[in-house]
Amino acid sequence: MSAVNPYMPPSADVSDIVDNTEELREPEILTWRGRIGRLRYLAYTMGAYLLMFVAMFFAGLIGGVSRSPVLAMFLMVLCGLGYFVFVVMAAIQRVHDIDWSGWTVLLMLVPLVNVIVGLIWLFKAGTDGANRFGPAPTPNNWGVRILGCIAPLAFIGIMAAVALPAYQAYVAKAKARAVQQQPQ
């Protein structure tokens, strides 16, 4: 009879137990399958916008050098169409992260509803873990974080570019009216 050490750790066959570690998936850019989070959605669409802006500049430059406005318009429409397709694919991946069908992207075509839906996409967190559209996306890297932060700054810059001249015109009119109303 063999002596069993009472101080040995217990042993068991655990090959049938499934590993519960969370599976993550690196998001793919040029597809509508998969999921992307809020910040990655902002970063991808802002990066695509910046690339489209540069491509439109060069399309206009090529049209100007060739003295062909038709060529310039064709290249600009091509750039805009590519941007549109990319943004739709990113939006579908974003709604997949919320566990909505990709067809809900069509709600962006309905006036006023598109504002509400857009805000939901930006502020609603994605589902934890895997959902019916795949595993959760990987955490954001620094490039995604920086590019994602440019989008709100760009929006603030556009609002300031519109508001500051309007405010300056208001101040000038108010000063002119104050001078007119002073007793003489």
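Biologist: In this predicted model, is Asp97 buried or exposed, and what holds for Arg35?
Modeller: Buried means under 20% relative accessible area. Asp97 has 5% relative accessibility, so Asp97 falls below that cut-off. Asp97 and Arg35 are both buried.

Biologist: How far apart are the closest N and O atoms of Asp97 and Arg35?
Modeller: Side chains of opposite charge can pair when their charged atoms come close. A salt bridge needs nitrogen and oxygen within 4 Å. Asp97 and Arg35 form one, and the closest N and O atoms are apart by 2.8 Å.

Biologist: Which parts of the chain does the Asp97 and Arg35 salt bridge tie together, and how many residues apart are they?
Modeller: Asp97 forms a salt bridge with Arg35. Asp97 belongs to helix H2, residues 69–97, while Arg35 sits in the loop between S1 and H1. The pair therefore ties together parts whose separation in sequence is 62 residues.

Biologist: Which residue of helix H2 meets Asp97 in a salt bridge?
Modeller: The partner lies in H2 with Asp97, three residues apart, about one turn of the helix. The N to O distance is 3.0 Å. The partner is buried, with a relative accessible area of 0%. It is Arg94.

Biologist: Which residues are linked in a network of salt bridges?
Modeller: Asp97 pairs with Arg35. Asp97 also meets Arg94. The network therefore links the residues that share these salt bridges: Arg35, Arg94 and Asp97.

Biologist: Which residue forms a salt bridge with Glu26?
Modeller: The closest N and O atoms are 3.9 Å apart, and the cut-off is 4 Å. Glu26 is in the loop between strand S1 (24–25) and helix H1 (38–66), and the partner is in helix H1, 14 residues apart. That partner is buried, with a relative accessible area of 2%. The name is Arg40.

Biologist: How many salt bridges does a search of the whole structure find?
Modeller: Among them are Glu26 with Arg40 and Asp97 with Arg35. Arg94 with Asp97 is another. The search finds five.

Biologist: What is the radius of gyration of the chain, and why is the chain called more spread out than a compact globule?
Modeller: The chain has four helices and two strands, in the pattern β-α-α-α-β-α. The globule rule gives 16 Å for 184 residues, and the chain is well over that, so it is more spread out than a compact globule. Its C-alpha atoms fill a box of roughly 120 × 55 × 30 Å along the principal axes. The radius of gyration is 27 Å.

Terms used. Residues numbered from 1 in each chain as written. Predicted model: local features only at pLDDT ≥ 70, side-chain atom pairs only at ≥ 80, totals over all residues. Heavy atoms only, no water. Salt bridge = Lys/Arg side-chain N within 4 Å of Asp/Glu carboxyl O. Buried < 20%, exposed > 50% of the residue type's maximum accessible area, 1.4 Å probe, protein only. Rg over C-alpha atoms; globule rule 2.2 N^0.38 Å.
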